[in-house]
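Reader: I would like to go through this model with you, asking at each step what justifies the terms that are used.
Author: Please do, and I will set each value beside its definition.

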Amino acid sequence: MSEKISWTGRVRSATLEKFEPEDLLPDHQPAYVASWIYVFGVATLAAFVMLIASGLYLTLEGPAWWHTSSVGHYVNSVHLWSVELFFVFMVVHLWGKFWMAAWRGRRLATWITGCLAFFTSIITGFTGYIIQSNFDSQWISTQAKDGFNAMGIGAFFNTLNTGQAILLHVSLLPLVLGAIVVWHVILVRRRGVVPPIEVGGE
Amino acid sequence: MRRELSSVDPSKKWSGPVREYDLIKELVVAVVVVGLLALTLAALFSSPDEKALTMNSWSHEAPADFVQTAAAELAGTTTSASYGPPYNKNGEGQNIGPINLSKLAGVRIPIDPANSFVIEPLKSQSDPITTAAVSQWLAAPSKEQSSWANAYSDALLKDGKALTLTDAAGMYGPVPTLVTALYAMAKSGALDGALTTSDTTLPTNFTKPLLFLGDSGTYFPDKASAQHLSGDQWGVMNETGSWPGQSWLWLYSFWYQIEPFKSSGNADILVMSLMGILSLGLLLLPILPVLPRIPYWIPVHRLIWRNWYNKKKN
């Protein structure tokens with residue numbers, strides 16, 4: 001019996017065998033990969049690392065800590081500025097990929113996973129803002145509830161239920177976002193960096 | 001005529017000239033640089049933490065607004081009292097065409113403001129006057145409850161500043177006692193606990209106090225306006241003080257600033273639906289008509305890959 005018939009064999013065939021080592025961990029890139037715009041993809045990942053690190057610190061100390069501790073307030077500030085940097089880098093990265101028409105050459109899934117990461121980041125950021133347990137979170141959650149309620153989503157995701165929002169923000173959503181980001185990066189490595197748009201005959 | 005040259009097939013693995021690169025080094029350098037940037041920005045600009053409002057702060061800072069809102073909850077005239085799903089069946093919710101998604105989802109977070117915000121917390125009080133007022137309220141038919149509460153609510157609003165009014169004409173029933181008792185609970189801090197621990201002793205759900213606070217006529221919205229957080233100030237995308245907020249929600253906030261959304265009773269569902277469609281458009285942009293051609297018509301890529309194009313040219 002061929003080993004590829006086994007589930008493990010099929011998974012290996014569909015994943016690891018699609019890659020060569022230099023695809024996953026490259027030490028060379030096509031010569032056209034030489035522009036500042038390429039910095040913003042990895043900068044987004046770096047800001048994500050900072051978000052996770054500062055978020056884990058806040059998680060370990062609990063939701064009230066940053067209101068009463070100067071160290072906690074600083075860690076919260078790092079978390080806030082990391083998310084601001086994360087979105088700035090991601091939006092520039094997204095615009096860059098649009099102008100590069102980066103979906104060319106069977107890279108539609110890469111574009112789609114990038115968009116999914118963007119949307120999931122917005123939801124994750126939103127849940128972060130409504131769990132601050134201060135005036136800002138009170139106002140945002142009471143205003144935003146109407147949008148979610150109008151869509152019928154509010155019956156399941158209650159922006160006024162801080163406990164639910166905390167659990168979503170520190171457990172489920174980072175896992176989902178992390179999985180999408182990993183998927184996106186793997187697709188980038190699988191397909192390689194999109195080559196320049198070649199315009200000739202003029 | 002412009003055409004895409006087939007000399008570079010974007011779906012094929014690159015076999016042309018390469019340059020040296022170090023993925024791990026790039027990632028490490030990026031984390032160090034971005035990390036230092038975040039640490040520095042945090043040290044320089046910190047982060048906002050405007051203290052949360054409470055029933056206690058409301059009753060001390062805007063007592064007239066508190067008692068007016070409490071009376072209006074009993075009268076069933078607040079936003080929460082006539083909201084509809086997911087809290088109650090007292091309102092229609094919002095429609096998009098013939099579809100009402102909130103009704104389809106149903107009442108999953110039951111809130112009856114008169115009971116949830118006023119009567120239930122007062123049941124924890126043991127003084128005989130409050131107990132008698134609660135009993136009188138509960139024993140009365142809903143028409144009489146409504147008559148008492150509306151009369152008292154209107155009188156409080158008309159006066160504007162009064163925290164309690166005498167019932168010379170005998171029109172208010174137990175409502176003045178109920179409202180005054182709730183006000184006393186709020187001033188003592190007991191109401192905050194009562195509203196957050198009514199379902200569970202561990203306060204993690206702030207639906208009741210936040211809906212109650214959201215019904216405030218002036219206290220909550222005035223605080224928000226002072227922090228440039230109102231809907232007509234681009235609302236949820238802002239942060240208190242001068243800190244940057246969720247600026248990535250600019251397009252979502254933008255629709256609320258213009259017609260027909262601005263004055264529509266269905267603004268929320270219209271804006272949410274529009275944003276859903278636009279998001280789907282972004283997701284599927286590569287396979288939509290026209291839009292994927294824009295990068296070819298406006299050659300920003302010439303700037304991005306200028307070194308490559310210059311080398312090819314030479």
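Reader: How many salt bridges are there between chain A and chain B?
Author: The count between the two chains is 2 salt bridges. Before going further, note that this is a predicted model, in which local features need pLDDT of at least 70 and side-chain atom pairs count only at pLDDT 80 or more, while totals for chains, interfaces and linings use all residues. Side-chain values use heavy atoms, with hydrogens and water left out, residues are numbered from 1 along each chain as its sequence is written, and chains are lettered from A and ligands numbered from 1 in the order in which they are written.

Reader: What makes the meeting of Asp23(A) and Lys13(B) a salt bridge?
Author: The term requires a side-chain nitrogen of Lys or Arg within 4 Å of a carboxyl oxygen of Asp or Glu. The side chains of Asp23(A) and Lys13(B) meet at 3.1 Å, N to O, and therefore the pair satisfies that definition.

Reader: Which element of chain A gives the largest share of the side that touches chain B?
Author: That is helix α5 of chain A, residues 70-99, with 17 residues; helices here are DSSP runs of H or I with at least four residues, and strands are runs of E with at least two, numbered from the N terminus. By class, this side of chain A has 56 nonpolar, 28 polar and 13 charged residues, where Ala, Val, Leu, Ile, Met, Phe, Trp, Tyr, Cys and Pro count as nonpolar, Asp, Glu, Lys and Arg as charged, and the others, Gly among them, as polar.

Reader: How much area do chain A and chain B bury between them, and what does that value express?
Author: They bury about 8600 Å², 69% of it on carbon and sulfur atoms. Buried area is the accessible area (1.4 Å probe) that two parts lose on being put together, summed over both, so the value covers the loss on both chains. Trp99(A), Phe135(A) and Glu198(A) supply 10% of the area that chain A buries against chain B, more than any other three residues. In terms of contact, meaning heavy atoms within 4.5 Å, chain A gives 97 residues and chain B gives 102 residues.

Reader: How do you know that strand β1 of chain A and strand β2 of chain B pair?
Author: Two strands pair if DSSP finds at least two bridges between them. Since 3 bridges join β1 (residues 28-30) of chain A to β2 (residues 18-20) of chain B, the criterion is met, and the strands run antiparallel. Gln29(A) stands opposite Arg19(B) in this arrangement.

Reader: Why is Arg106(A) called exposed, and where does it lie?
Author: Exposed means over 50% relative accessible area, buried under 20% and partly exposed in between (1.4 Å probe, protein chains only). Arg106(A) has 58% relative accessibility and so counts as exposed. The residue lies in the loop between α5 and α6 (108-129) of chain A, and its phi is near 60 degrees, a positive value in a residue other than glycine.

Reader: Why is His228(B) described as partly exposed?
Author: Its relative accessible area is 31%, which falls between the two limits, so His228(B) is partly exposed. His228(B), in the loop between α11 (219-226) and α12 of chain B, has a positive phi of about 45 degrees although it is not a glycine.

Reader: What is the omega of the cis peptide bond from Pro85(B) to Pro86(B)?
Author: Omega is near 10 degrees for that bond, and Pro86(B) is found in the loop between α3 (63-75) and α4 (101-105) of chain B.
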